[in-house]
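I opened this notebook to record what I looked up in one structure. The entries cover the sheet, one loop residue, the salt bridges and the cavities.

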Amino acid sequence: MKKILATILAVAMLATTFVGCGNGGETASTPSDDGGAAAPEITACIGPEPETLDPALNKSVDGACYAVHAFEGIYKFDENGNTILGQAEKVDVSDDGLTWDITLRDDIKWSDGEPVTVDDFIYSWQRAASPETASDYANLFDVIEGGADVYQGKADPSTLGVTKVDDTHMTVQLAAPCPYFDKLLAFPIYYPVRQDVVEGNDSWTQDPSTFIGNGPMMLTDWSHKESITYVKNPYYYDADKVTDSTLKFILLEDDNAKLAAYDNGELDYVFQLPVDELDALKEREDFGTINEIGTYYLAFQTEKEPFNDPRVRKALTLAIDRNYIVETVSKQGEVPAAAIVAEKVTEGDSTFREVGGDYFSTDPADYEKNVEEARQLLAEAGYPNGEGFPTFEYTTNTATLHLGVAEALQNMWKEALGIECKIAQQEWNVFLATRPAGTFEVARDGWIADYNDPLTFLEIFKSDNGNNNCHWKNAEFDALIDQAKAEADSAKRFEILHQAEDLWAEEMPGAPIYYYADTYLKKPNLEGYWDSPLGYKFFMYCTKTAE
């Protein structure tokens, strides 16, 4: 296996060296500024083949990582996870928080040398908010005046509350004060794309000559299911700080293959490691962890029997031994979850979890009590001791961690409730399409925060949200989310969000399993890497020295 992988990667790397880039004819090996030897190539694996590189259509964390290297918003994230000005020179916010006056830098350019203007941002936001684009994140524009009507198809995208003053100056009118709007302006859905290369070209991301970005790096090659290659964007305003190395993302999903490639010297960085190797890997100096703001949960397809019954959903949720999963299966330092909003989400000087509490006990001593309640709920739903409960399918992607969790759930549900489930594994891109399509019964799911606020976890369960994989519809919940978005008083807003989570827990459209923690290996000679609790991994400022 190792020799085969090494050969494949070597051939891919050799081929890419000779691939020219339409963005100015750069090659995959970038010469150093002094005309000397090329900087050493940096290789990293953060996931398998992405579904898309279009920042408006991406819906995965690994896809967002590719986006932050090739595009940039009004704001960007620094190494401490804070938002700082990116494409903007200045942002002024009115006293009432409703009007954002944005002045762009005068030195920002696309990767082909053309200037970035206000028109690019306005076009891109209108495109992303439009129902014709079908972005799962279109709802994030409803914080802007008129945005809700646009993404719901009730108004033309041109009515979005963004006004051009001149080529470098625009104003944004919000529907209500939004304490996290700067975070949204750093999120991929708010990145600009070029109208002249996007319009009428659905495959614009496939070709380096049309994959025009405004970020620190630019695409030179996308060899599907093999690698994605970036080099420095020479027109980026901070290009002198960007790595001179070629950055090659190797596309692998199998954790064992990733580890083999890393240990063979074919990768400088690998994200997510084989579970059965973790105990040994934790002792290594090149081992690292990412404490993300996220929740790993199960999605019940609430439109299908018997999962349309909240009692069934609660029964399956309570029968899960979360401590066993985090201590024996995942083993990455995760914390058992008893709510959907992750534990690190802040609420003033405290956290949302500390204020709201848990919805069931995750104390190992209380597991049997949870199981007894689960059996009672299942009996009330018409399935005493699991009798008559149909064999159902649990769908997951193929990574070893998720298979291990699936097998643990399968055994727990059988032993605690007497019900049977079969495990269906799907490749990543197929799996990403299965959940929103609703062609499953119960599926592995998870959410890494888009911004540090409880709304990012709750809003995805709104009836019209593109990320509502549970296909759950509750008018009262929807109204609470809308009310929270319109509430200017911070204390009242958090109170409404707690009410929304209370209602979510009563209905239990999903089963929280644990709060995320992830692992990686990084070679000691790779310097300048950082990551974010929001799941981003940053390589654009890395340097690789001789070992």
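**Entry 1: conventions and sheet.** I took helices (H or I, at least four residues) and strands (E, at least two) as DSSP runs, numbered from the N terminus. I counted two strands as paired if DSSP finds at least two bridges between them. The model is predicted, with local features needing pLDDT of at least 70 and side-chain atom pairs counting only at pLDDT 80 or more, while totals for chains, interfaces and linings use all residues. Residues are numbered from 1 along each chain as its sequence is written, and side-chain values use heavy atoms, with hydrogens and water left out.

I looked up the strand order and found an open sheet of seven strands, β8-β9-β10-β1-β11-β21-β12, with mixed pairing. Strands β8 (217-223) and β12 (287-290) are the edges; each has a single partner strand, so one side of each lacks a neighbour in the sheet. From one strand to the next the twist averages 20°; here axes are lines fitted to C-alpha atoms, for helices over the stretch in contact, and angles run from 0 to 180 degrees between N-to-C directions.

I then examined one pairing: β1 (residues 42-47) runs parallel to β10 (residues 247-251) over four bridges. In this pair, Ile42 is opposite Leu247 of β10.

**Entry 2: helices on the sheet.** I used contact to mean heavy atoms within 4.5 Å. Helix α2 (residues 61-70) lies across β1, β8, β9 (227-232) and β10, at about 140° to β1. Helix α7 (residues 255-263) also packs on the sheet, where it touches β1, β11 (269-271) and β21 (518-522), and its direction makes about 165° with that of β11.

**Entry 3: Asn385.** I located Asn385 in the loop between α12 (367-380) and β17 (392-397). Its relative accessible area is 63%, so Asn385 is exposed (buried is under 20%, exposed over 50%, partly exposed in between, with a 1.4 Å probe and protein chains only). Leaving aside residues up to four places away in sequence, Asn385 touches Leu417 and Gly418.

**Entry 4: salt bridges.** I counted a salt bridge where a side-chain nitrogen of Lys or Arg is within 4 Å of a carboxyl oxygen of Asp or Glu. The structure holds 31 of them.

Glu501 bridges to Arg353, with the closest N and O atoms 2.9 Å apart. This pair links distant parts of the chain, from helix α17 (residues 490-507) to helix α11 (residues 352-356), 148 residues apart. Glu501 is buried at 0% relative accessibility, and Arg353 is buried at 8%.

Lys241 and Asp238 form another bridge, at 3.8 Å between the closest N and O atoms. Lys241 is exposed at 53%, whereas Asp238 is buried at 17%.

**Entry 5: cavities.** On a 1 Å grid over the protein atoms alone, I took a cavity as a set of points where a 1.4 Å probe fits but cannot get out, with lining residues having an atom within 4 Å of a point. Grid points are joined across faces, edges and corners, and a volume is the space filled by probe spheres set on the points.

How many cavities of 30 Å³ or more does the structure hold? I found six, and the largest contains about 760 Å³ of space. It is lined by 45 residues, of which Ser60, Val61, Asp62, Trp428 and Ile448 are the closest to its centre. The elements giving two or more residues to this lining are β1, α2, α7, α13 (400-417), α14 (428-437) and β19 (442-448). The largest share, five residues, comes from β19.

Definitions and conventions. On a 1 Å grid over the protein atoms alone, a cavity is a set of points where a 1.4 Å probe fits but cannot get out, and a pocket is an open set with protein on both sides within 12 Å along at least five of seven lines; lining residues have an atom within 4 Å of a point.
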